[in-house]
Amino acid sequence: MTNQTAQLTVDGHTYELPIVESTAGEKAIDIRNLLHETGYITLDSGYMNTGSCESGITYLDGQNGILRYRGYDIADLAENCVFIEVAYLLLTGELPNEKELNKFREDMIRYALIHEDMIHFFDHFPPNASPMSILSTMVGSLHDFYPEMDLDEDPYGGITTATARLLSKIRTIAAFSYKKSIGHPLVYPRADLNYCSNFLNMMFERPNIPYTIEPLMTAALNKLLILHADHEQNCSTSTVRLVGSSGVKLYPSISAGVGALWGPLHGGANAAVIRMLETIYADEMNFDKYIQMAKDPNNPYRLTGFGHRVYKTYDPRAKIIKEVTHEILETMNIEDPLLDIAQELEYRVGKDDYFVSRNLYPNVDFYSGIVYRAMGIPTNMFTVMFALGRLPGWISHWQEMHMDKENNRIGRPRQIYQGVVKRPFVPMEERR
Ligand code: CMC
């Protein structure tokens with residue numbers, strides 16, 4: 001809280017509203033007592049202008065393209081860390097020392113298996129079930145298979161058994177759901193592999209056909225997961241907080257976050273980008289047609305992978321993922337026509353006043369799908385990959401919310417009612 005206040009005059013009265021300043025200098029008008037003092041609420045559809053909490057996890061400056069986890073620049077973390085190191089940072093607030101990281105690695109191995117009875121669940125999904133619905137169901141069901149996970153010794157902070165188990169098991173669940181979807185036998189986690197290599201091995205190893213884990217692929221996966229690990233109050237993280245605010249435990253809250261991530265305006269965009277690029281390719285690269293459709297105010301079509309609620313410049317994650325895309329494709333000699341289409345589209349959009357004037361730049365989802373394709377990951381698994389990456393962020397926010405005892409209230413927005421105010425009941429025989 002600062003000493004500054006904002007004045008609001010309504011109905012002839014002037015009210016003083018406190019101003020809150022962030023550690024990075026952003027300011028907010030605190031309206032928590034507005035209704036009580038003035039009788040007014042605020043209206044902000046889509047929460048375009050509403051701060052829902054105070055948080056110390058991720059700093060995002062959308063004007064200048066800055067993204068930091070716990071104060072560390074995203075580019076430094078992506079360059080120098082492994083994913084679980086960054087997960088540790090998000091969860092505890094500090095990078096782990098060697099001993100702490102080794103212990104965390106051991107946890108990832110110790111907890112990697114899932115209860116064998118959960119495997120029956122996979123068997124009973126229809127063959128074309130979406131991996132996101134499988135993931136959401138499985139994560140929710142952890143609550144029943146591991147009830148002690150929700151009665152953790154220290155549920156509100158740091159690395160708990162529950163968080164370590166969830167981080168490890170979600171990777172096994174994701175890989176198993178893929179194997180089931182293609183009808184292949186499950187590949188179990190191995191004790192000798194690190195987090196990302198283990199995931200790739202569970203995805204791609206087959207009986208009698210050894211799978212070589214390319215270090216470049218592991219490194220790329222590490223980077224992608226780090227870049228997705230948190231993004232402050234996005235739709236799915238806000239969902240995890242909102243659901244958790246009702247008092248429900250960690251697993252159902254995360255399961256709800258998976259559902260929120262699924263949508264094409266959020267994490268589902270990475271798969272939608274590939275479908276869009278494929279459509280443009282199949283349509284003889286008629287870029288103009290799709291650009292015009294996206295610009296037409298009467299057409300709901302959008303160029304997926306462009307634009308962001310907060311970034312008004314190039315998404316710093318997209319910049320790094322674009323570099324990774326080139327590195328992977330060039331080093332591994334992979335030719336993907338979708339990369340050429342993506343680059344051409346980015347070039348044309350960058351010259352078009354419609355997109356420039358609205359600050360619509362490539363976002364995190366624009367190039368990530370091309371890297372996943374190079375790894376052999378099918379399009380319907382892309383959003384699952386996003387969920388794997390975002391999990392440490394979701395858990396960190398859930399924990400932070402619970403630790404903030406002073407402000408930890410059930411999330412419950414208000415509304416402005418615009419329906420019929422009151423009318424007499426009409427009996428059935430009089431209804432037309
Ligand atoms: N293509 C064409 N026009 C767009 C696009 C786009 N991708 N994105 C925004 N606009 C236009 C929009 O029509 C509006 O124009 P006008 O002012 O003339 O009405 C203006 O730009 C502002 O858009 P908005 O919808 O008010 O912005 P928002 O902050 O509500 O939406 C967004 C943000 C990400 C949902 C939106 O940019 C979008 O739909 N992008 C495509 C989907 C996508 O790539 N989503 C992934 C987001 S990043 C990862 C994540 O969050 O998971």
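**Exercise 1. Work out whether Phe 122 is buried or exposed, then see what its ring pairs with.**

Start with accessibility: Phe 122 has 4% relative accessibility, so it counts as buried. Keep in mind that you're looking at a predicted model.

Next, the pairing. The model has 14 aromatic pairs. One of them is Phe 122 with Phe 176, at 6.2 Å centre to centre and with 70° between the planes. Planes over 60 degrees apart count as edge-to-face, and that is the label this pair gets.

Now place both rings on the chain. Phe 122 is in helix H5 (residues 118–123) and Phe 176 is in helix H7 (residues 161–181), so the pair links parts of the chain 54 residues apart. Finish with the partner: Phe 176 has 1% relative accessibility and is buried too.

**Exercise 2. Classify the ring pair of Phe 306 and Phe 366.**

Two values do the job: the centres are 4.7 Å apart and the planes meet at 55°, so call the pair tilted.

Where are the two rings? Phe 306 is in the loop between helix H13 (287–295) and helix H14 (316–331), while Phe 366 belongs to helix H17 (residues 364–375). That's a link across 60 residues of chain.

Check burial next. Phe 306 comes out at 11% relative accessibility, which counts as buried, and Phe 366 at 0%, also buried.

Last step: look around the pair. Phe 306 and Phe 366 belong to one aromatic cluster together with Tyr 354, Phe 355 and Tyr 367.

**Exercise 3. Find which rings have the charged ends of Arg 110 and Arg 171 over them.**

Take Arg 110 to begin with. Its charged end sits over the ring of Tyr 111, 5.7 Å from the ring centre.

Then go to Arg 171. Here the ring belongs to Tyr 195, and the charged end is 4.4 Å from its centre.

**Exercise 4. Describe how H17 is packed.**

Check the length before anything else. H17 has 12 residues, which should span 16 Å at 1.5 Å a residue; the end C-alpha atoms are 17 Å apart, so the two agree.

Now count burial: 11 of the 12 residues are buried, so this helix is mostly covered. Among the buried ones are Val 364, Asp 365, Phe 366, Tyr 367 and Met 375.

What does the covering? The list includes helix H8 (195–204), H9, H12, H14, H15 and H18.

Step off the end of the helix and you reach Gly 376, with a positive phi near 95°.

**Exercise 5. Do the same for helix H12 (residues 269–282).**

H12 has 14 residues and reaches 20 Å from first C-alpha to last, close to the 20 Å expected.

Its buried residues include Ala 269, Val 273, Ile 274, Met 276, Leu 277 and Ile 280. The cover over them includes H13, helix H15 (337–350), H17 and helix H18 (382–403).

Just past H12 comes Glu 284, with a positive phi of about 50°.

**Exercise 6. Track down Glu 232 and Asn 359, which have a positive phi without being glycine.**

A bit of background first: most residues other than glycine have a negative phi.

Glu 232 has a phi of about 40°. You'll find Glu 232 in the loop between helix H9 (215–228) and helix H10 (235–244), and at 23% relative accessibility it is partly exposed.

Asn 359 has a phi of about 55°. Asn 359 lies in the loop between H16 and H17, and its 27% relative accessibility makes it partly exposed as well.

For a contrast in exposure, try Asp 353 in helix H16 (residues 353–357). Asp 353 is exposed, with a relative accessible area of 58%.

**Exercise 7. Say which domains the largest nonpolar core draws on, and which residues touch the most other members.**

Lay out the domains: the assignment gives domain 1 (5–66), domain 2 (72–227) and domain 3 (269–375).

The largest nonpolar core has 111 residues, and Tyr 69, Phe 199, Leu 303, Leu 345 and Ile 377 touch the most other members. Domain 2 and domain 3 each contribute at least three residues to this core.

Zoom in on Tyr 69. Leaving out residues up to four places away in sequence, its contacts include Ile 57, Ile 74, Leu 77, Val 86, Ile 226 and His 228.

To wrap up, get the spacing of two domains: the centres of domain 1 and domain 2 are separated by 38 Å, taken over C-alpha atoms.

Notes. Residues are numbered from 1 along each chain as its sequence is written. This is a predicted model: local features need pLDDT of at least 70, side-chain atom pairs count only at pLDDT 80 or more; totals for chains, interfaces and linings use all residues. Side-chain values use heavy atoms; hydrogens and water are left out. Rings of Phe, Tyr and Trp (its six-membered ring) pair if their centres lie within 6.5 Å; planes under 30 degrees apart count as stacked, over 60 as edge-to-face and the rest as tilted. Helices (H or I, at least four residues) and strands (E, at least two) are DSSP runs, numbered from the N terminus. Buried means under 20% relative accessible area, exposed over 50%, partly exposed in between (1.4 Å probe, protein chains only). A charge sits over a ring if NZ of Lys or CZ of Arg is within 6 Å of the ring centre and within 35 degrees of the ring normal. A nonpolar core is a set of buried Ala, Val, Leu, Ile, Met, Phe, Trp, Tyr and Cys residues joined through side-chain atoms within 4.5 Å. Domain bounds come from an automatic or database domain assignment. Contact means heavy atoms within 4.5 Å. The expected span of a helix is 1.5 Å times one less than its number of residues.
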